Amino acid sequence: MKRILIVEDEASVREGLLEAFSEKGYEAAGAATGEEAERLFSAGGWDLCILDVRLPDMSGFEVCRRLREKSSVPILFLTAFSDEANTVRGLDMGGDDYVAKPFRLKELFSRVQALLRRSGQEKGDRFLSGNLIMDLRNRKVERDGKELLLTPKEGQIAWLLMNAWPYTVSRDELVRCVWDKDGQYIEDNTVRVHISRLREKLGEYGGISYFAAVRGVGYRWNVPVEK
């Protein structure tokens, strides 16, 4: 049974989500503040966190930043903000997806299931590329012997591009494989933010980025891969 932590200060929304997810067969627990969320999260065992942006003691962005220091568990933001700046900020803090309020339960369930499906997929073998070692079966990525903390989606993107080397992965294929099979909820900005954040984390090898955009096509891994 998948365990979901729901961080929402509005009691009626929180209780409604707890009931809805329980009826769907999830084990769900709720937190009304960022401090409470950190305490519950530290106990471990969570598969996903649904995180409201507006909390009484700290912003959801700050909570996300703190959780990301401890874990790569998928984080889905609930936000009343729909502008690009706040969307980018949430993803930059380590969030994997977001749903704007007011939302439909059907859409929220779809986003949650996609995140859980992608983060729980059996990954390929140990890949070597430059000074990067990626063992996604054990969810471990190292560069020069130092472990990198990638979010589930960042790991999926890296694995997809490395597995396809030396060929290019189209943008549509990337969306279908990393987010959802039909990509119906994915905006271009969401993809760009994840790509930018992953590129920054991986750094360069021999003066070149590990992967690059191929204009009008998609993305291609640059450094030879040993599988």
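This is a short talk on one helix pair and one pocket in a predicted model.

Okay, let's start with the helix pair. Helix 2 covers residues 34–42 and helix 3 covers residues 60–68. How do their axes sit relative to each other? They come within 10 Å and cross at roughly 20 degrees. Angles under 35 degrees count as roughly parallel, so helix 2 and helix 3 are roughly parallel to each other. As for the hand, helix 2 passes helix 3 in a right-handed crossing.

Which residues meet there? From helix 2 you have Gly34, Ala37, Glu38 and Phe41, and on the helix 3 side they meet Val63, Arg66 and Leu67. If you sort that contact by class, you get 4 nonpolar, 1 polar and 2 charged residues.

Right, on to the pocket. I've picked the second largest pocket, with a volume of about 160 Å³. If you want to click along in the viewer, the lining is Arg171, Asp188, Val191, Arg192, Ala213, Val214, Arg215, Gly216, Val217, Gly218 and Tyr219. Three elements give two or more residues each to that lining: helix 8 (188–202), strand 13 (211–214) and strand 14 (218–221). And which element gives the most? That's helix 8, with 3 residues.

What about the chemistry of the lining, by class? For this pocket we have 5 nonpolar, 2 polar and 4 charged residues. Among the lining residues are the arginines Arg171, Arg192 and Arg215, along with Asp188.

So, to recap: a roughly parallel helix pair, and a pocket of about 160 Å³ to which helix 8 gives the most lining residues. That's it from me, thanks.

How values were computed: Residues are numbered from 1 along each chain as its sequence is written. This is a predicted model: local features need pLDDT of at least 70, side-chain atom pairs count only at pLDDT 80 or more; totals for chains, interfaces and linings use all residues. Side-chain values use heavy atoms; hydrogens and water are left out. On a 1 Å grid over the protein atoms alone, a cavity is a set of points where a 1.4 Å probe fits but cannot get out, and a pocket is an open set with protein on both sides within 12 Å along at least five of seven lines; lining residues have an atom within 4 Å of a point. Grid points are joined across faces, edges and corners, and a volume is the space filled by probe spheres set on the points. Helices (H or I, at least four residues) and strands (E, at least two) are DSSP runs, numbered from the N terminus. Ala, Val, Leu, Ile, Met, Phe, Trp, Tyr, Cys and Pro count as nonpolar, Asp, Glu, Lys and Arg as charged, and the others, Gly among them, as polar. Axes are lines fitted to C-alpha atoms, for helices over the stretch in contact, and angles run from 0 to 180 degrees between N-to-C directions. Angles under 35 degrees count as roughly parallel, over 145 as roughly antiparallel, 65 to 115 as roughly perpendicular and the rest as oblique. A crossing is left-handed if the near helix is turned anticlockwise from the far one by less than a right angle, and right-handed if clockwise. Contact means heavy atoms within 4.5 Å.
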